[in-house]
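Please look over the chain shown below before reading on. The paragraphs that follow go through its cores, one helix, some single residues and its salt bridges.

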Amino acid sequence: MTAQEQQKLGKTLWGIADNLRGAMNADDFRDYMLSFLFLRYLSDNYETAAQKELGKDYPKVKEGDKRTPLSLWYKANPGDIDAFEKQMRRKVHYVIEPQHLWSNIAELARMQNEELLHTLQKGFKYIENESFESTFQGLFSEINLDSEKLGKNYPERNARLCTIISKIAEGIAQFSTDSDILGDAYEYLIGQFAAGSGKKAGEFYTPQPISSILSEIVTLDSQDPSSGKKKKLDKVMDFACGSGSLLLNVRKEMGPKGIGKLYGQEKNITTYNLARMNMLLHGVKDTEFEIHHGDSLLNDWDILNEPNPAKKMEFDAIVANPPFSYRWEPTEALGEDFRFKSYGLAPKSAADFAFLLHGLHFLGKEGTMAIILPHGVLFRGGVEERIRTKLLKDDYIDTVIGLPANLFYSTGIPVCILVLKKCKKFDDVLFINASEHFEKGKRQNHLRQEDIDKIVDTYKFRKEEARYSRRVAMKVIEKEHGYNLNISRYISTAADEVEIDLNEVNKQLKEIDKKAEEARNRHNEFLKELGLPTI
């Protein structure tokens, strides 16, 4: 399927969502629709694996027969079902019974079967309970099929689900689909729902152009980006992973074989489930990713909570778009936490530096971290100034990138990308002011491909360009600017004043005056002929 067809599939599914959700909140409808799309993917993948496993014993369904091949096999081989499911659990790590497969669910919806809702509920529960716990446990926990948002009573809810699922099935049937294509459609829908959700969307979605910048930066060689991309990233982390799009972009940049394992953490339970679905939909095996539901600021993930430096988990690349200026509760105990002890605690009003220090602690010695933060981290005083100063003195801040305003669904403020390393080669900080390089949109501004390429290229080759980028020595940042990183201190976007040649201006004025005098004389001649007073 071409990129154009993939876009068309995404738009088709979004059109269905837009038409069907009615007065339902975009976030609520998103959870239903994306779960059904995920069930379609799981079903296709499961049936393909089952056909391979059963070989010649996989039944052929006659034309017009709406039953699934697996339902025929289950009926004919009741004594072999346990052994078959055990084998499928071992190979694909999950189990779907024939009645819960998407093709059967879609047929129930088409027939307006009154048992559709109950069948779906049983199917979701079975997949969760009979599959690998780490990946599938609680995956559909936030999908409330008994919600009054779907209808006041069971018949209304069942009828609504029949309509939604039928339309999705019809929309998908127009396209030949595989995991990558469904994954791209899923990602497209996440973006569209984010736009519809407005400010709420900031907690789970990073616009693709910004995601691309971060993923391209962290995949380049850390010490010398100009030498190109790293051959392999063993561990990649996003500690505020949302729907997982940043991690998937890093994987796309490196290729599936270029990544060892993806690690993500997400506090919001619904978004945590979205991220797990998103990984699987993009063909990431459940052994190739680990998403933890928890609070990064409290560091409640066991694999990261290791005080012994020798046993500390370290990552080759870290990407993050944490909530901007998030209010948190810094406690005395957190003040002694190994992540913050050397730097101090971020203020209660803004956890931006707390998120940054969390990521930095787990960054490997040869790794690169790219984090999106509000501009305030560059210049705010108090404890934030002390943290920023120590980060600069420790030589961890490599690049500061200023982005245009109004790129996010969650906020209109301009934000920046900070690139941090523990293996800096250059004794300076690269400043990139990309704030005026974008395409203006009605609701959101957008980075064009040339804007993305310019940012990445400038970072890669550490280029300097008037009014766009500049390398600033550490002694200048310290002595002339007191560790203030406000981009406008280092890069002026004002256009150079045009030099004025006063002699040339005087000459032009004299010429104008001469012509005016000639015109006045001619005009007076006409006035004399008419017997009128001259001017």
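**Salt bridges, cores and single residues**

Lys261 has a relative accessible area of 22%, and because buried means under 20%, Lys261 counts as partly exposed. This is a predicted model, and the values given here are computed from it. The side chain of Lys261 meets that of Glu290 in a salt bridge, with N and O 3.3 Å apart. Glu290 is also partly exposed, at 29% relative accessible area. The pair links distant parts of the chain, as Lys261 belongs to strand S2 (residues 259-266) and Glu290 to strand S3 (residues 289-293), 29 residues apart.

This pair belongs to a longer list: the whole structure holds 29 salt bridges. Another of them joins Lys348 and Glu329, at 3.9 Å from N to O. Lys348 sits in the loop between helix H13 (332-335) and H14, and Glu329 in the loop between strand S4 (315-320) and H13, so this bridge ties together parts 19 residues apart in sequence. Glu329 is exposed, with a relative accessible area of 54%, whereas Lys348 is partly exposed at 43%.

A salt bridge within one helix is found between Arg520 and Glu517, whose closest N and O atoms are 2.2 Å apart. Both residues lie in helix H18, 3 residues apart, or about one turn of the helix. An α-helix has 3.6 residues a turn, so residues three or four places apart point the same way. Arg520 is partly exposed at 33% relative accessibility, and Glu517 is partly exposed at 35%. Elsewhere, salt bridges with shared partners connect Asp398, Lys421, Asp428, Arg462 and Arg471 in one network.

What is the nearest side chain of opposite charge to Glu128, a buried residue without a salt bridge? That side chain is Arg276, at 6.3 Å. Because a salt bridge needs the nitrogen within 4 Å of the carboxyl oxygen, this pair does not count as one. Glu128 is part of helix H6 (residues 116-129), and its side chain reaches the backbone nitrogen of Phe140 at 2.6 Å. Beyond its neighbours up to four places away in sequence, Glu128 touches residues including Phe136, Leu139 and Ser141.

Next come the nonpolar residues. In soluble globular proteins, nonpolar side chains tend to be buried together. Here the largest nonpolar core has 114 residues, and Leu13, Phe36 and Tyr46 have the most contacts inside it. Helix H2 (residues 26-54) gives the most to this core, with 14 residues. Leaving aside neighbours within four places in sequence, Phe36 is in contact with Trp102, Leu120, Phe124, Leu161, Ile164, Ile165 and Ile168. A second, separate core of 49 residues has Ile318, Ala320, Val377 and Leu392 among its members.

Leu392 is also one of the buried residues of helix H15 (residues 383-393), along with Glu384, Ile387, Arg388, Thr389 and Leu391. These buried residues pack against helix H14 (352-361), strand S6 (397-402), strand S8 (428-433) and helix H17 (474-479). After H15 comes Asp395, with a positive phi near 65 degrees.

Two further residues have a positive phi without being glycine: Asn406, at about 60 degrees, and Tyr483, at about 65 degrees. Asn406 is in the loop between S6 and strand S7 (415-421), and it is partly exposed at 23% relative accessibility. Tyr483 is in the loop between H17 and helix H18 (502-529), and it is buried at 10%.

The last topic is cysteine. A search of the whole structure finds 0 disulfides. Cys241 is buried at 5% relative accessibility, and Cys423 is buried at 9%.

How values were computed. Residues numbered from 1 in each chain as written. Predicted model: local features only at pLDDT ≥ 70, side-chain atom pairs only at ≥ 80, totals over all residues. Heavy atoms only, no water. Buried < 20%, exposed > 50% of the residue type's maximum accessible area, 1.4 Å probe, protein only. Helix = DSSP H or I, 4+ residues; strand = E, 2+ residues; numbered from the N terminus. Contact = heavy atoms within 4.5 Å. Core = buried A, V, L, I, M, F, W, Y, C linked by side-chain atoms within 4.5 Å. Lys, Arg positive; Asp, Glu negative; His and termini not counted. Polar contact = N/O pair within 3.5 Å; in protein donor to acceptor, adjacent residues only side chain to side chain. Disulfide = S-S within 2.5 Å.
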